[in-house]
Amino acid sequence: MPGDQPIIQIKNISKYFDDFQALKNVSLDVGLGERVVVCGPSGSGKSTLIRCINRLEAHEAGEIIVDGVTLTDSREALDKIRGNVGMVFQQFNLFPHLTVLDNLTLGPKRVLRLSQAEAEVRAMKYLERVQIPDQAQKYPRQLSGGQQQRVAIARSLCMEPRILLFDEPTSALDPEMIAEVLEVMTELASTGMTMVVVTHEMGFARKVADKMVFMDKGEIVETGSPEQFFTAPTSQRCRTFLDQILNH
């Protein structure tokens, strides 16, 4: 069952950018197979939090344990954790000079030492999964934003991680493309993938999340089930945020 076994443990972490404290003593457990949605106003620390999970940002205090490995600057620890953690960003970060297929096979060949043939089989499997196998030979510039984000999701899946992090994956998309990316993410969630998603898409959150996390000013203000979060939030800050975002 989701939540029985924490695969991510975040214990009292703090993060500074010069004099600004972006994260203040933040603690959060994510269970194996759990889908956690992190929301909150701009600048609340959401993206910084998930970027700390795979050391894209280094925390200054506290502890992060991912799948039994404590996150440190050690190359061995980083490689272990990054091998288990995929990340999908706001911007798609695809290599423009490579085809979709080449973008997807690069990681498995270089990091996992798969052969070209093995990497291509895996890439096509995940392009099928995100419903764009016909785009394999195209270049990123030939795709819509929604298609590029689906390629970015497939690229993460090609590394077969145990955990997927999403940092506002629909925020750079036109409104008509948001639905197609959320549909892929919803399908992924149904497979039992552990997911931590930073998003303002509250319809998706309500449908998919096992746990909601509300952040403000570098702190976790509230956590709860979607039912409790959306119908009876306990903090005024959370109520104000939901009122603004749901009635926008």
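Leu106 sits in helix H3, and in this predicted model that residue is partly exposed, with a relative accessible area of 22%. Helix H3 is a handy way in, since H3 also gives the largest share of the lining of the largest pocket, 6 residues. From there, the tour goes on to the pocket, the cores, the cysteines and a few residues worth a look.

**Helix H3 and Leu106**

- Setting aside residues up to four places away in sequence, Leu106 touches Phe95 and Leu98.
- Leu106 and Glu120 are 14 residues apart along the chain, and their C-alpha atoms are separated by 9.7 Å.
- Which residues of H3 are buried? They are Val100, Leu101, Asn103, Leu104, Thr105 and Pro108.
- Helix H4 (116–129) and H5 are among the things that cover those buried residues of H3.
- A bit of background on helices: an α-helix has 3.6 residues a turn, so residues three or four places apart point the same way.

**The largest pocket**

- The largest pocket holds about 610 Å³ of space.
- Several elements give two or more residues to its lining: helix H2 (75–84), strand S6 (85–88), helix H3 (100–110) and helix H5 (145–158).
- The lining of this pocket has 22 residues, and those nearest the centre are Arg82, Val85, Met87, Arg155 and Met159.
- By type, the lining of the largest pocket splits into 10 nonpolar, 7 polar and 5 charged residues.

**The nonpolar cores**

- The largest nonpolar core has 47 residues, and Ile153, Phe166, Met185 and Met212 touch the most other members.
- Which helix gives the most to this core? That's helix H6 (residues 175–189), with 8 residues.
- A separate core of 29 residues lies apart from that one, and its members include Ile7, Val36, Ile50 and Met215.
- Back in the largest core, Met212 has plenty of company from outside its own stretch of chain: leaving aside neighbours within four places in sequence, Met212 is in contact with Val37, Cys39, Met202, Ala205, Glu222, Thr223, Gly224, Ser225, Pro226, Phe229 and Phe230.

**The cysteines**

- How many disulfides does the structure hold? The count is 0.
- Why is there no bond between Cys39 and Cys238? The closest cysteine sulfur to that of Cys39 is the one in Cys238, and at 6.3 Å it is too far for a bond; a disulfide needs the two sulfur atoms within 2.5 Å.
- Looking from the other end, Cys238 is in no disulfide, and its nearest cysteine sulfur is that of Cys39.
- Cys39 counts as buried, because its relative accessibility is 0%.
- Cys238 also has 0% relative accessibility, so it counts as buried.
- Cys52 has its place in helix H1 (residues 46–53).
- Is Cys52 buried or exposed? Cys52 counts as buried, at 0% relative accessibility.
- Not counting residues up to four places away in sequence, Cys52 touches Ile13, Leu23, Glu57, His59, Ile64 and Leu71.
- Cys52 and Gln228 are 176 residues apart in sequence, and C-alpha to C-alpha they are 27 Å apart in space.

**Met177 in helix H6**

- Met177 lies in helix H6, the helix that gives the most to the largest core.
- With a relative accessibility of 16%, Met177 counts as buried, because the cut-off for buried is under 20%.
- Leaving aside neighbours within four places in sequence, Met177 is in contact with Ser144, Gly145 and Gly146.
- Met177 and Ala136 are 41 residues apart along the chain, with 19 Å separating their C-alpha atoms.

**Two residues with a positive phi**

- Asp18 isn't a glycine, yet it has a positive phi of about 55°.
- Where is Asp18 found? Look in the loop between strand S1 (6–17) and strand S2 (20–31).
- Asp18 is exposed, with a relative accessible area of 77%.
- Asn25 has a positive phi of about 55° too, although it is not a glycine.
- Asn25 has its place in strand S2.
- At a relative accessible area of 51%, Asn25 is exposed, because the cut-off for exposed is over 50%.

Key:
Residues are numbered from 1 along each chain as its sequence is written. This is a predicted model: local features need pLDDT of at least 70, side-chain atom pairs count only at pLDDT 80 or more; totals for chains, interfaces and linings use all residues. Side-chain values use heavy atoms; hydrogens and water are left out. On a 1 Å grid over the protein atoms alone, a cavity is a set of points where a 1.4 Å probe fits but cannot get out, and a pocket is an open set with protein on both sides within 12 Å along at least five of seven lines; lining residues have an atom within 4 Å of a point. Grid points are joined across faces, edges and corners, and a volume is the space filled by probe spheres set on the points. Helices (H or I, at least four residues) and strands (E, at least two) are DSSP runs, numbered from the N terminus. Ala, Val, Leu, Ile, Met, Phe, Trp, Tyr, Cys and Pro count as nonpolar, Asp, Glu, Lys and Arg as charged, and the others, Gly among them, as polar. Buried means under 20% relative accessible area, exposed over 50%, partly exposed in between (1.4 Å probe, protein chains only). A nonpolar core is a set of buried Ala, Val, Leu, Ile, Met, Phe, Trp, Tyr and Cys residues joined through side-chain atoms within 4.5 Å. Contact means heavy atoms within 4.5 Å.
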